[in-house]
Amino acid sequence: MLVRWITGFLDSPTADVEASADVEASADVEAFWVAVTGTTLSARREGGVFATLVPADGDACLRVQVVGDGPARAHLDLHVDDVPAGVAEAVALGASVVHVAESHTVVRSPAGIVFCVVPWHGESVRPAAVRWPGGQASVVDQVALDIPAAGYDAEVEFWAALTGWEHRASDLPEFRFLQGGPALPLRLLLQRTGGRAAGVHLDLACDGHEAEVERHAELGATVVRRVPGDWTTLRDPAGREYCVTRRAPVSRTRE
């Protein structure tokens with residue numbers, strides 16, 4: 001599959017995605033992510049269910065969605081030239097189709113990670129990192145796939161074959177990385193977990209870790225755990241976990 005672009009989705013639950021009061025209930029967590037990323041929220045579409053986090057420059061790679069069930073979570077979209085062909089390739093590698101919509105197809109990986117295959121609309125410029133008043137720069141640049149240990153090796157093989165991206169190991173045995181071309185805004189981290197169900201979370205790169213974690217806490221995040229020298233796991237106002245890492249952003253920086 002030739003992946004032209006990749007998008008991280010933040011899925012926030014409500015009791016009824018069609019009710020305006022429930023759409024408003026997602027406003028706090030969306031305002032949090034707008035502030036965290038330095039983006040603006042687009043107009044809502046499809047009955048208020050979807051919106052885009054629009055960067056000041058570059059093409060959008062983060063979106064928000066109101067969903068009808070919990071918990072708050074994340075997923076990824078793979079943008080391709082030919083959606084049916086991309087889905088067929090995923091199925092041939094062991095994925096299963098969950099839902100076919102007019103514009104996209106929802107797919108489940110062998111380990112149970114849900115993602116979407118969607119049309120590419122010409123996105124090509126990765127967003128810049130944002131330099132904050134505290135002096136640090138940060139950007140969401142990684143989608144972490146949390147994979148149960150029992151199916152880890154097979155799931156790594158699936159994603160490596162599906163994307164065709166460069167595959168490299170980490171100093172830590174529970175991590176492997178898939179990196180696409182330099183224009184793609186998000187890489188994949190494949191993380192071996194314990195008994196937890198398969199899932200997805202977002203990671204930020206940052207060149208001033210403590211200042212960045214403090215900024216997130218002031219915006220409403222809760223610190224869950226600190227891994228000295230590596231990353232801090234936080235929880236957003238909807239209860240969704242994500243990480244601030246100590247990796248310096250590789251993209252250009254918007255001052």
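Arg176 makes a handy starting point: with a relative accessibility of 24%, this residue counts as partly exposed. Everything described here comes from a predicted model, not an experiment. The side chain of Arg176 meets that of Asp153 in a salt bridge, with N and O 3.3 Å apart. Arg176 sits in strand β12 (residues 175–179) and Asp153 in helix α4 (residues 152–163), so the contact ties together a strand and a helix across 23 residues of sequence. Asp153 is partly exposed as well, at 43% relative accessibility. Still on the subject of charged partners, Glu210, Arg226 and Arg246 are joined into one network by salt bridges that share partners.

How many salt bridges are there in total? The count comes to twelve. One of them pairs Asp81 with Arg4, and here the closest N and O atoms are 2.9 Å apart. This pair links distant parts of the chain, 77 residues apart. Asp81 belongs to the loop between β5 (73–80) and α3 (83–92), while Arg4 belongs to the segment before β1 (5–13). As for its surroundings, Arg4 is partly exposed, its relative accessible area being 33%.

Next comes the pair Glu30 and Arg44, whose side chains meet in a salt bridge at 2.4 Å, N to O. Once again distant parts of the chain are linked: Glu30 is in helix α2 (residues 27–37), and Arg44 is in the loop between β2 (40–41) and β3 (50–54), 14 residues apart. Are the two partners buried or partly exposed? Glu30 has a relative accessible area of just 3%, and because anything under 20% counts as buried, Glu30 falls in that class. Arg44, on the other hand, comes out as partly exposed, at 30% relative accessibility. In this salt bridge, then, a buried Glu30 faces a partly exposed Arg44.

Away from the charged side chains, there is a strand pairing to look at. Which way do strands β6 and β7 run relative to each other, parallel or antiparallel? Strand β6 (residues 96–100) and strand β7 (residues 105–108) run antiparallel, and four bridges join them. Together β6 and β7 form a hairpin, with four residues between the two strands. To pick out one position in this pairing, Val97 has Val107 in β7 as its bridge partner. As a general point for reading such strands in the 3D view, side chains in a regular strand alternate between the two faces of the sheet.

Technical notes
Residues numbered from 1 in each chain as written. Predicted model: local features only at pLDDT ≥ 70, side-chain atom pairs only at ≥ 80, totals over all residues. Heavy atoms only, no water. Pairing = 2+ DSSP bridges. Salt bridge = Lys/Arg side-chain N within 4 Å of Asp/Glu carboxyl O. Buried < 20%, exposed > 50% of the residue type's maximum accessible area, 1.4 Å probe, protein only.
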